[in-house]
Amino acid sequence: MSHLAKLKSATSRKELALILGYKPKSMTAIVYKTPTADKYATFDIDKKSGGKRTIKAPAPKLKNLQSHLSHVLYQCLAEIDRARDAKPISFGFRQDRSITENASRHKRRRWVLNLDLEDFFPSFNFGRVRGFFLKDKAFDLHPEVATTIAQIACDGTALPQGSPCSPVISELIAQILDMRLVRLAKKHGVTYTRYADDITFSTSQKDFPAGLAQVDESDPSVWHLSDELTRKIVTSGFAINNAKTRMNFRGSRQIVTGLVVNEKVNIRSDYYRRARAMCDTLFQTGQYYKAVIKPDDADEEPKPEVTSNLNPLQGILGHIYAVTQSAERREVSEQRQNPRAIRKLFRRFLFYKYCIVLNEPLIVTEGKTDPVYLREAVKSRVKFQPMLGAHGKDGFKHAVRYFNYGGLAHEVMDLGGGTGDLKSIPLDYLRNLKPSKGTHKPFAYKPMKYPVIIVLDNDDGLAAVASTVKKNFGTEIDKKSTQDFYNVIDNLYIVKTPEDGSKNTCIEDMFPKEWREYKINGKKLNTASKIDPSKDLSKEAFAKSVVKANADKIDFSGFDPLLERICKAVQHYAAKS
């Protein structure tokens, strides 16, 4: 039974709790017994356009409950979209849609009209949320279920900005507006899309339809929305921020949700230049200029807000990369041979983050399954605690960081998850720390408080990294060498899986034989690069279904020699720095 069908069949708060994966008493305690003042932490952040935006961050238990509700409602939204089988017109708060896709619907047009919905989340008050789940044809929920959903989602008044379920509920309710406006757009032969509270109409007609908007007779820079368009928005429960209504004609810079759409979807040039300047300052000083702080006194000058927090800048670079490389990201080999400026800049930033200003030792493995093995081994082997991790009141906390192959970083840094790609890390040390004619300026701010440790299998794949290291740093590494670690340069170390005579060794060899040969549905682990899915268990399946599922039963003592080498590398760097 689908999530939507389960919700529609539910007749009580108890049944809703079970759908959300909660015991009824637990959900009741979170929603009804937690004091209102303890449910949210409220704070303000600056808007790009000026003013403040109020964020209400839910308490951990409430946030978790709202996340469960969000998951269920997103499943419902997907089911509703499939049933309609219509071309997407809303692109905000969707995992499978993007700001780039939204903007691309309006490229190369004569006219682009943008308007903004005012106080978007606050407009979804408690009664409106409850009423939607009661009366909407797709839901038509039992009153007690609809009321409880609204009580979970709202802060007592409306949907709070900061809640995990506010985006999906706003999307569900705003579909009423979308249906009305898409019909109006078809009537006038224009394209319509919405990204959260940003609405765009575009057309290449000679004149923009007066049924949607008309230019002010006394001021050609001002456009007035038609009574019909305004009425459809207002009767759908929204208000228009008239100060943000703007028309862009071909020949001027046409912007849709912050992206240029004149010919192709692109970033504003000033936005990229600002990001590049922020990076340059960061690499030289460890901080960057983020924004302007308005003075309290009118006679005082605005002050620059300087920060060392890398998250905002990483978000900016990731946004630029996603927009400008969206069509080319499939051509990975071409990108590596002829990387564009944003890829080079983003790569430098990620190297700076992971290798220069790291807050704990970083372990880079050959693939995404190796960290699963190492984490479980460290938790199991007390002799390596607390150097590599320790138990605390909030559970086990690792004292080292493992490189994440799940995000953009591995793609931008040319780390595909194989041994050969890992040679890009020592090469990045050369590019960023050593002066070279015709390249960018070396990092001036380089604290490097902790080591970066590359963990490699001692097999034939070692050769690609070993040859790069020998050629550029003079360090000899091969399958026969038996050192515990190799300090390549500065804080960069390489650790191999322990040698076994002339045999190749890999990290999976450290598991007891009974677990290496453990079968799931008749399949057992095959560490080869190419496997037969009908007969073999992949490394990913082995890590999840065997190692994580049986971590309390597996003897991880076979990992001791490798963990000892990692610890020795950490200790060596601590001693020399």
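Visitor: Which residues of H8 are buried?

Guide: This is a predicted model, and in it helix H8 is mostly covered, with 8 of its 11 residues buried. To count as buried, a residue needs under 20% relative accessible area. In H8 the ones that pass are Val145, Ala146, Thr147, Thr148, Ile149, Ala150, Ile152 and Ala153.

Visitor: And Glu144, what does it count as, and at what relative accessibility?

Guide: Glu144 lies in H8 too. Leaving aside residues up to four places away in sequence, Glu144 touches Ser12 and Arg13. The partly exposed class sits between the buried limit of 20% and the exposed limit of 50%, so Glu144 counts as partly exposed, at 33%.

Visitor: How far from Glu144 is the C-alpha atom of Val495?

Guide: Along the chain, Glu144 and Val495 are 351 residues apart. For scale, the C-alpha trace of the protein spans about 85 × 65 × 55 Å along its principal axes. The separation between the two C-alpha atoms is 59 Å.

Visitor: How are H5 and H8 oriented to each other: parallel, antiparallel, perpendicular or oblique?

Guide: The axes of H5 (residues 60–84) and H8 (residues 143–153) come within 10 Å and cross at roughly 130°. Roughly perpendicular runs from 65 to 115 degrees and roughly antiparallel begins over 145. The crossing angle of H5 and H8 falls in neither range, and therefore the two helices are oblique.

Visitor: Which residues of H8 meet H5, and what is the handedness of the crossing?

Guide: From the H5 side, the residues involved are Leu62, Leu65, Gln66 and Leu69. As a rule, an α-helix has 3.6 residues a turn, so residues three or four places apart point the same way. On the H8 side the partners are Ile149, Ile152 and Ala153, and the crossing is left-handed.

Visitor: Moving on to strand S3, why is it largely enclosed by the rest of the structure?

Guide: Look at the burial of residues 111–118, which make up S3. The cut-off for a buried residue is under 20% relative accessible area. S3 is largely enclosed because the number of its 8 residues that are buried is 7.

Visitor: With which strands does S3 pair?

Guide: S3 pairs with S5 (residues 198–203) in the antiparallel sense over 6 bridges, and Asp116 stands opposite Asp198 there. With S9 (residues 246–249) the pairing is antiparallel over 4 bridges, and Trp111 stands opposite Phe249. A further 2 bridges join S3 to S8 (residues 239–240), again antiparallel, with Leu117 and Ile240 as bridge partners. That gives S5, S9 and S8.

Visitor: What are the edge strands in the open sheet S10-S11-S12?

Guide: The sheet has 3 strands with antiparallel pairing, in the order S10-S11-S12. An edge strand here pairs on one side only. S10 and S11 pair over 2 bridges, with Ile255 opposite Val260. The edges are S10 (255–256) and S12 (266–267).

Visitor: Thr257 and Asp85 both have positive phi values; which one is buried and which one is exposed?

Guide: Most residues other than glycine have a negative phi. Asp85, with phi near 50°, is found in the loop between H5 and H6, while Thr257, with phi near 45°, is in the loop between S10 and S11. At 13% relative accessibility the buried one is Thr257, and at 69% the exposed one is Asp85.

Visitor: Where is the cis peptide bond between Gln385 and Pro386, and what is its omega?

Guide: In general, most peptide bonds are trans. Pro386 lies in the loop between H15 (370–380) and S16 (389–392). The bond joining Gln385 and Pro386 is cis, with omega about 10°.

Visitor: In which element is confidence lowest?

Guide: Overall the protein averages a pLDDT of 91, and 94% of the residues score at least 70. Confidence is highest in S5, at 98. Where pLDDT is low, the predicted coordinates should not be read in detail. The lowest mean, 57, belongs to H13.

Technical notes: Residues are numbered from 1 along each chain as its sequence is written. This is a predicted model: local features need pLDDT of at least 70, side-chain atom pairs count only at pLDDT 80 or more; totals for chains, interfaces and linings use all residues. Side-chain values use heavy atoms; hydrogens and water are left out. Buried means under 20% relative accessible area, exposed over 50%, partly exposed in between (1.4 Å probe, protein chains only). Two strands pair if DSSP finds at least two bridges between them. pLDDT is the predictor's confidence in each residue, from 0 to 100. Axes are lines fitted to C-alpha atoms, for helices over the stretch in contact, and angles run from 0 to 180 degrees between N-to-C directions. Angles under 35 degrees count as roughly parallel, over 145 as roughly antiparallel, 65 to 115 as roughly perpendicular and the rest as oblique. A crossing is left-handed if the near helix is turned anticlockwise from the far one by less than a right angle, and right-handed if clockwise. Contact means heavy atoms within 4.5 Å.
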